[in-house]
Amino acid sequence: MPTRTVTVGSASGLHARPAAIFVAAAAAQPVPVTIRTSGRSPVPARSMLSVLSLAAKHGTEVILEADGPAADAALDALAALIVRDLDAEEGQQGDG
C-alpha cells in the first residue's frame, strides 16, 4: 500500500480552513485515503471530524495511505497540499 509521510505546513495545523481544504481534496480523489499521526490509528481523510481529531499542529508529521490504481497520484496531490501554508494562502486570496 503506497504511503507518504509529510509535515503539516499550515500555521494553525490541520484545523479550521486548512482541514476543510484538505478534506475536500481527499473527497475528490478516486481512491479512499487515510491519514494518521505517529502512534495513532489511521482515520478517513474524507472525514472532517476524523481529521480534526488528529490535532495535527504545524510541524506535525502525518502519514497518508491509499490503495488502488490511482493511489500514488492521490497521495502526491494530498501530500503537496499538506506541506503548504494554507492559512497564508487563504489570506492572500481575500486581499485581491
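# Helix 3, the sheet and the salt bridges

Let me begin with helix 3, which lies across strand 1, strand 2 and strand 4 and runs at about 5° to strand 1. Please keep in mind throughout that this is a predicted model.

The sheet underlying this description is an open one, formed by four strands in the order 1-4-2-3, and the pairing in it is antiparallel. Its edge strands are strand 1 and strand 3, each of which pairs on one side only.

Turning to the other helix that I want to discuss, helix 1, which covers residues 16-27, packs with helix 3 at an angle of about 175°, and the two axes are 10 Å apart. How are helix 1 and helix 3 oriented to each other, roughly parallel or roughly antiparallel? Angles over 145 degrees count as roughly antiparallel, and helix 1 and helix 3 are therefore roughly antiparallel to each other. On the side of helix 1 the contact is made by Ile21, Phe22, Ala25 and Ala26, and on the side of helix 3 by Leu78, Leu81 and Ile82. If we sort the residues of this contact by character, we find seven nonpolar, no polar and no charged.

Let me stay with helix 1 for a moment, since Ala16, which is found in that helix, has a positive phi of about 50° although it is not a glycine. Ala16 counts as exposed, at 53% relative accessibility. A second alanine deserves a look as well: the phi of Ala55 is near 50°, again a positive value in a residue other than glycine. Ala55 has its place in the loop between helix 2, residues 48-53, and strand 4, and with a relative accessible area of 40% it is partly exposed.

Now to strand 2, residues 33-37, where the side chains alternate between two faces. Which side chains of strand 2 point to one face and are buried? They are Val33, Ile35 and Thr37, whereas Thr34 and Arg36 point to the other face and are not buried.

Strand 2 has a partner in strand 4, residues 61-66, and the two pair in the antiparallel sense over five bridges. Within that pairing, Thr34 has Glu65 of strand 4 as its bridge partner, and Ile35 has Leu64 of strand 4. Strand 2 also pairs with strand 3, residues 43-44, again in the antiparallel sense, over two bridges, and here the bridge partner of Thr34 in strand 3 is Pro44. Strand 2 and strand 3 form a hairpin with five residues between them, and in the turn Gly39 has a positive phi of about 80°.

That brings me to the charged side chains, and, as a general matter, side chains of opposite charge can pair when their charged atoms come close. How many salt bridges does the structure hold? There are three.

In one of them, Asp72 is joined to Arg4, with the closest N and O atoms 3.1 Å apart. Asp72 lies in helix 3, residues 71-83, and Arg4 in strand 1, residues 3-7, so this pair ties together parts that are 68 residues apart in sequence. Asp72 counts as partly exposed, at 42% relative accessibility.

Arg4 also meets the side chain of Asp76 in a salt bridge, at 2.8 Å from N to O. This pair likewise links distant parts of the chain, with Asp76 in helix 3 and Arg4 in strand 1, 72 residues apart. Asp76, at 44% relative accessibility, counts as partly exposed. Taken together, Arg4, Asp72 and Asp76 are linked in a network of salt bridges.

The remaining pair takes us back to the sheet, where the side chains of Glu65 and Arg36 meet in a salt bridge at 3.7 Å, N to O. Why does this pair tie together parts that are 29 residues apart in sequence? It does so because Glu65 lies in strand 4 and Arg36 in strand 2. As for their surroundings, Glu65 counts as buried, at 17% relative accessibility, while Arg36, at 23%, counts as partly exposed.

How values were computed. Residues numbered from 1 in each chain as written. Predicted model: local features only at pLDDT ≥ 70, side-chain atom pairs only at ≥ 80, totals over all residues. Heavy atoms only, no water. Buried < 20%, exposed > 50% of the residue type's maximum accessible area, 1.4 Å probe, protein only. Pairing = 2+ DSSP bridges. Salt bridge = Lys/Arg side-chain N within 4 Å of Asp/Glu carboxyl O. Contact = heavy atoms within 4.5 Å. Axes fitted to C-alpha atoms, helices over the stretch in contact; angles between N-to-C directions. Parallel < 35°, antiparallel > 145°, perpendicular 65-115°, else oblique. Nonpolar A, V, L, I, M, F, W, Y, C, P; charged D, E, K, R; others polar.
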